[in-house]
Every structure is written in C-alpha cells, then in structure tokens.
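Thanks for making the time this morning. Please have a look at the structure on the screen while I take you through one part of it, and then we will step back to the whole.

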Amino acid sequence: MKVFIAQPLRSYTNAAEVEADGQDLSELLLDLDRRYPGIRFRIIDEQERMRQHVKFFVNRQQVGRLDVPLAPHDEVHILQALSGG
Amino acid sequence: MADTTRGKPEIRLLVSTKKGLWTLTSDSDREHFAIEGPEFLGHIVNHAVPDPRDPRTILVAARTGHLGPTIFRSRDLGKTWQEASRPPAFPKVEDGDAKARAVSHTFALVPGHPSEPDLWYAGTSPEALFRSEDGGDTWSGVAGFNDSPWASAELPWASEEGVEPTPGTPDGDILHSVVIDPRDPTHLYVATSANAGGVFESRDRGESWTPLNRGCDANFAPDPEKMEVGFDPHCLQAHPLAPDQLWQQNHCGIYRIERPAERWERVGDNMPAEVGDIGFPISLHPRQPDTAWVFPMDGTDVWPRISPGGRPAVYRTRDAGRSWTRCDRGLPDGQAWFTVLRQAMALDANDPVGVYFGATCGEVWGSRDEGDSFRCLASHLPFVLAVETMTLPA
C-alpha cells in the first residue's frame, strides 16, 4: 500500500511516497523498517508507543493505535508536527 | 579549503550543538582553526566522540526535537556515516505499562578500555547505562545498573504519597559520566543527575553497584549526611595516570576523593568566595594528576547559572584543589553571560595542554597555554552541548 513519508524521515526513504505491506499498522512499520533500516525507532519507541509529535493517518483519518487493521489499498500518512526554535 | 596542516599532527575539535555537528581543525601549533560543517544539520547532537583506540572512528549521539534518538558511526573520520542497527533502548515491557521507560536521548558516549577495542558505553536519559560490544552498531542495557534502585524515578527522601518525582535536569534525568579504570576494565564508576542521583562504583563490569557519595552536599535535601543517593554530580572524572584520584564538579561544589577513601572532600571551598564553586564541567590534565580546570557559574540568589558577574573565567588548580588560579586573559571582561555545559570543556594532550570550551552562546574558545590566555575560535554557532578533541598524526 502507499505510505506517505514526512520530510524529516526522507533521509531513510529518499522519497515522499513509498510502498510497504502489513495487516495492521504495527506490521506495516516492521515492513518499512526492513526496507529502510532505522526508520521505525525514530517514530515508535521501544515500548511501541508512537513518539509524541509523530502522527499516523489511515485513509486520511488520524489513528492512535498500532493495531489498526489495514487493507492493501489503504493509504497511510506518517506525519510529524514541528514546533520550537 | 587551503590545507594548512600538511606535515604536522592535526588537532580536531568535535563541536556538538543543538543544531548539528561542526569540526574545527588546526595543526599542532593551534594558531589557526578551520571550521567545517554542519554535519547532521538540524539534529540535536548531544555528543560526538572520537575513539582513541582507532583514530579514524567517531560515534555521534543524535536525535531531532521530534524523532527518536539514534547513534551514527563513522570509520573514516566523518566522511561517511552509518546508523546503528540497534540504538540504546530499554527492554519492551509486555504488559503495556504507560510509564515503561523509553530512551529519550543518548547523552554521553564513552569508549571502552584499550584492551576491548569494540566496547563502548552510553549514558542516556532517563538515567541508564548501555554497552556495545561491536563498535557501536548494537547496544544492550546494563541490567545491573538499569534495574537497580539507583536507576529509579523514586525520590529517595519522599515518604508521603503524592510527592511526585521531578526530572533531575531540564532535559530529564541523565547518566552523564562513565569512568573506566585503566588498570581493570571491570572496575567502573558512573554518575547520574537524577532523583536517586549520585556517583556509583562497580567492580564486576556493571553487574552490581555501590553508591559513593559520602561527604557531598545536597542543599536541596534536608539531611544529606544521612542519604546514600539523591545527589547531583554534574561531571565525574578520574585521572588516567592516577585512577584512584576522582574529581567531580557537583551541583553543590567541586569535590575530590582518593580511593580507597569513601568520603569526598570539597576542594571547591578553596575557590574565591565571590565566584563560588558551582559549575558543570571539570577537566583533568593528561599528565599531571593534581592539575584540573573548571568553569564556574553563578549559583547565588535564584541560581542564574551563567558566568558570575558577566565575566567568564576558567579556574585552574595545580595542587589538587588547595588553590585555584583565575584564567581569563582573552575572555570578555564584562557583559558576557554564557554557560559552559558539562560535556563542553575538553583538553588536548599537547605540551602545553590545549584547553577548549564551547558556550551556550555558540562560541568556541581555546587556549594553547594551559589556560593562561584564550582566543575565540568560532562564533555564531548554535548552543554548544559538547566539545571533544582528537589528535591525528601527520
């Protein structure tokens, strides 16, 4: 499925839009990390909590859990809020 | 850039800032420093550290304000970088405890003993110790410390429910210092600024730890003499040639101890009263065990924590803290209100020793005469978090 990547993470993907697979968001992130090693830990901590300023959208609806089921034609956005000086 | 260093050893300063990493390079005369960078632009670089066992290796602890922490490694003096495949991280807690620890950032990187060439230690926030045995590619927690009461978020003096722990530093509790006995790689000291903070000693490679804080003040607690932990060392160092001589710049003064003594002596009492002995960094002469440098900050009134009186100065002792000399020649003589953080002062090993510090105002200062005089080597950089030196052969 299509995954849109926030700008601060594109040093891993070299692209704004990539493909990755998974039955849910958690599996999708594992697949992303296989394709782009290191990216997962920048957005998910070791307790599998979303990092504070990273936001996930499935089909343009924000989700707050990693067990959200995904279908092959879903569209996932991984976005990041920016603040501070 | 013109090569001004050909034929002489190079001195490099790795300047870690809130917005990236810069490198200052000079020949061994240390007259002219060329600046290069930034590397990792936009990253909060907490610590960039050369490996004295392999002079082409550098490790960098970095994060951004919004992404998780990681480690970058270079084996070609910073020309190329590889990200650690498993950065420091706590074990996953299976029950989904909302308070389960996660590494906010790696604060300090420390090369291991010379006999263990791929070993590194890392101190993190929250306060924890990690070890890599493969040159910094994969990291594991040192459970003997991380699962001990000394890495607890509990206030050691809190007895009533409802007393909430507060972070030990504005950026969270940290394990900031790791000292390895050059005679014995299993003999370690660490220091933390944390709720159960202090200096701790291990004689079994980190499996068990004993607090070493007697004699230190803790003016934020009612009865420090009765406390084992709850202290606030800011920076811990041991002299490489006399490793039983430990020094610490503490939240509450400058202290020194000669093991096997168990009680720290406040040698900062010998600092001028109008300056005091509050500060963050302390650096030890590579060859003279009684010589050390500190950078005092204002600990009076509401704790401004900037240069006392707006007149920054390094203070140097050559007699193990019995007396201190003000070293301010070349530094601003007024209206200069910066701070030097605990990892932001460093020495080179030349003779005479070079003394360097990076300031929160984005300046880097250096002395090539052991502090007798200083020059500004770089300005207009971001907030400086750390300075380390490396010497490269010609």
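Let me begin with a single pair of residues in chain B, where Val314(B) has Cys327(B), in strand 23 of chain B, as its bridge partner. I should say straight away that this is a predicted model, so please keep that in mind as we go.

That pair belongs to a wider pattern, since strand 22 and strand 23 (residues 325-327) of chain B are paired antiparallel through three bridges. Strand 22 of chain B also runs antiparallel to strand 21 (residues 292-296) of chain B, and three bridges join these two; here Thr317(B) in strand 22 has Ala292(B) opposite.

Now, which way do the residues of strand 22 point? Val314(B) and Arg316(B) point one way, while Tyr315(B) and Thr317(B) point the other way, and all of them are buried. As a general rule, side chains in a regular strand alternate between the two faces of the sheet.

How far can we trust the model? For chain B the mean pLDDT is 93, with 94% of the residues at 70 or more, although over residues 1-5 of chain B the pLDDT stays under 50, and there the model has seven contacts beyond four places in sequence. For the complex, the predictor gives an ipTM of 0.87 and a pTM of 0.94.

Finally, turning to the two chains together, 15 residues of chain B are in contact with 18 residues of chain A, and the chain B side of that contact divides into seven nonpolar, six polar and two charged residues.

How values were computed
Residues numbered from 1 in each chain as written. Chains lettered and ligands numbered in written order. Predicted model: local features only at pLDDT ≥ 70, side-chain atom pairs only at ≥ 80, totals over all residues. Nonpolar A, V, L, I, M, F, W, Y, C, P; charged D, E, K, R; others polar. pLDDT = per-residue confidence, 0-100. Buried ≥ 20, exposed ≤ 12 C-beta atoms within 10 Å, placed from the backbone. Helix = DSSP H or I, 4+ residues; strand = E, 2+ residues; numbered from the N terminus. Pairing = 2+ DSSP bridges.
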